[in-house]
Amino acid sequence: MKPVLGIESSCDETSVAVLEIDNGKPQLLAHQIASQLEYHMPFGGVVPEVATRQHMRHLDPMVASVLGQAGVELNDLGLIAATRGPGLASSLMIGYTYALGLGAGSGVPVTGINHIEGHLFSPFLSAERHPVYPHLALIVSGGHTMLVHVKAPWSYEIIGKTRDDAAGEAFDKVAKLLGMEYPGGPEVEKRATAGKAERFNFPRSMLHSGDYAFSFSGLKTAVRYTLEKLPGRLTEHDRADVCAGFQQAVIDVLCGKSQKALEEFDLKLLTVSGGVSCNQTLVAALQKMCEEVGVEFLPSNPKFSTDNAAMITYAAALRQQDGVLISEQEDIDPNLSL
């Protein structure tokens, strides 16, 4: 199977990768990510126009660099892939139209890949193994929180997703309430290690709702009300305890819903991916839960958890292998569903 070139530009990370599947196992030949964090940090979040400019600045030299690192010529490729959604329209457009241009100039076929599908397959890329079916996928990031019943190749059922804030979004908002810099997720986890989670009894929203929907907006509001009631100036001990209590509430909901789904659908494998899966406290809790119920647990490697082209390229290679490519005539879709 010829190598695949993949491009990820759904938000504020420009990433390019070259990957091939050898004897059923993914082999990542080259991979680069250009972070834009320093450009968005002063604004406390992603600014679409800034993201677009940075994608335009980085993409062309990154493609040349990655192909060189992989030792592959453009004409040697079997496929060019780019994220077509969901994400910021302006960011998606840069990567997708660039891929179409490469394809038109080289004659290499082009396909669009769903960003969420990339996350879904990233744990198997991390483990360098072929995807297992059926299984349960927990995807937790800044923009998405969902449980997916992966029934068979290319057959998915979203059994639950957030009704408001995604888990990663809630982490960032709570960090902002505590006066921390963007992105807030890593800071909350870091502070939580020194905190006492039991000090604050934050709500476990929808934990016993009887379905698999999530809601983290109320939890964020509960943190805000708690901070307003604290006497005097906020201390570092206060921050640590709030972080620990908030983080534990999120983890309890994610673990509880995942366990219920595993048992109801009689599934023997749980994967977790997305930016929030970099949180090692969450990963440890999911690992413990899976051990207790006798289920295999497969987390995504942190280097493939945030937005990256490796997962997009892997999804594209799997689709090409199975002959289920998305036509290059399909346009970007900022609201693309799985």
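Tutor: Let's start with a term: a nonpolar core is a set of buried Ala, Val, Leu, Ile, Met, Phe, Trp, Tyr and Cys residues joined through side-chain atoms within 4.5 Å. Keep in mind that this model is predicted.

Student: Okay, so how many residues are in the largest nonpolar core?

Tutor: Look for the residues with the most contacts inside this core: Phe 202, Phe 216, Phe 246, Leu 270 and Leu 286. Several elements give two or more residues to the core, including β6, β9 and α9 (280–293). The core's total is 47 residues.

Student: Which element gives the largest share of that core?

Tutor: Among the elements giving two or more residues are α5 (167–177), α6 (185–192), α7 (217–229) and α8. The largest share is 12 residues, and it comes from α8.

Student: And what does helix α8 pack on?

Tutor: Helix α8 covers residues 236–264, and its direction makes about 160° with that of β6. It touches β6, β7, β8 and β9, so to speak of one partner, α8 packs on the sheet.

Student: What's the strand order in that open sheet of 5 strands?

Tutor: Start from the edges, β8 (155–161) and β10 (296–299), as each pairs on one side only. The pairing is mixed, and the twist averages 20° from one strand to the next. Reading across, the order is β8-β7-β6-β9-β10.

Student: Which residue in β9 does Leu 136 stand opposite?

Tutor: Strand β6 (residues 135–140) pairs with strand β9 (residues 269–273) in the parallel sense, over 4 bridges. Opposite Leu 136 you'll find Leu 270.

Notes:
Residues numbered from 1 in each chain as written. Predicted model: local features only at pLDDT ≥ 70, side-chain atom pairs only at ≥ 80, totals over all residues. Heavy atoms only, no water. Pairing = 2+ DSSP bridges. Axes fitted to C-alpha atoms, helices over the stretch in contact; angles between N-to-C directions. Contact = heavy atoms within 4.5 Å. Buried < 20%, exposed > 50% of the residue type's maximum accessible area, 1.4 Å probe, protein only.
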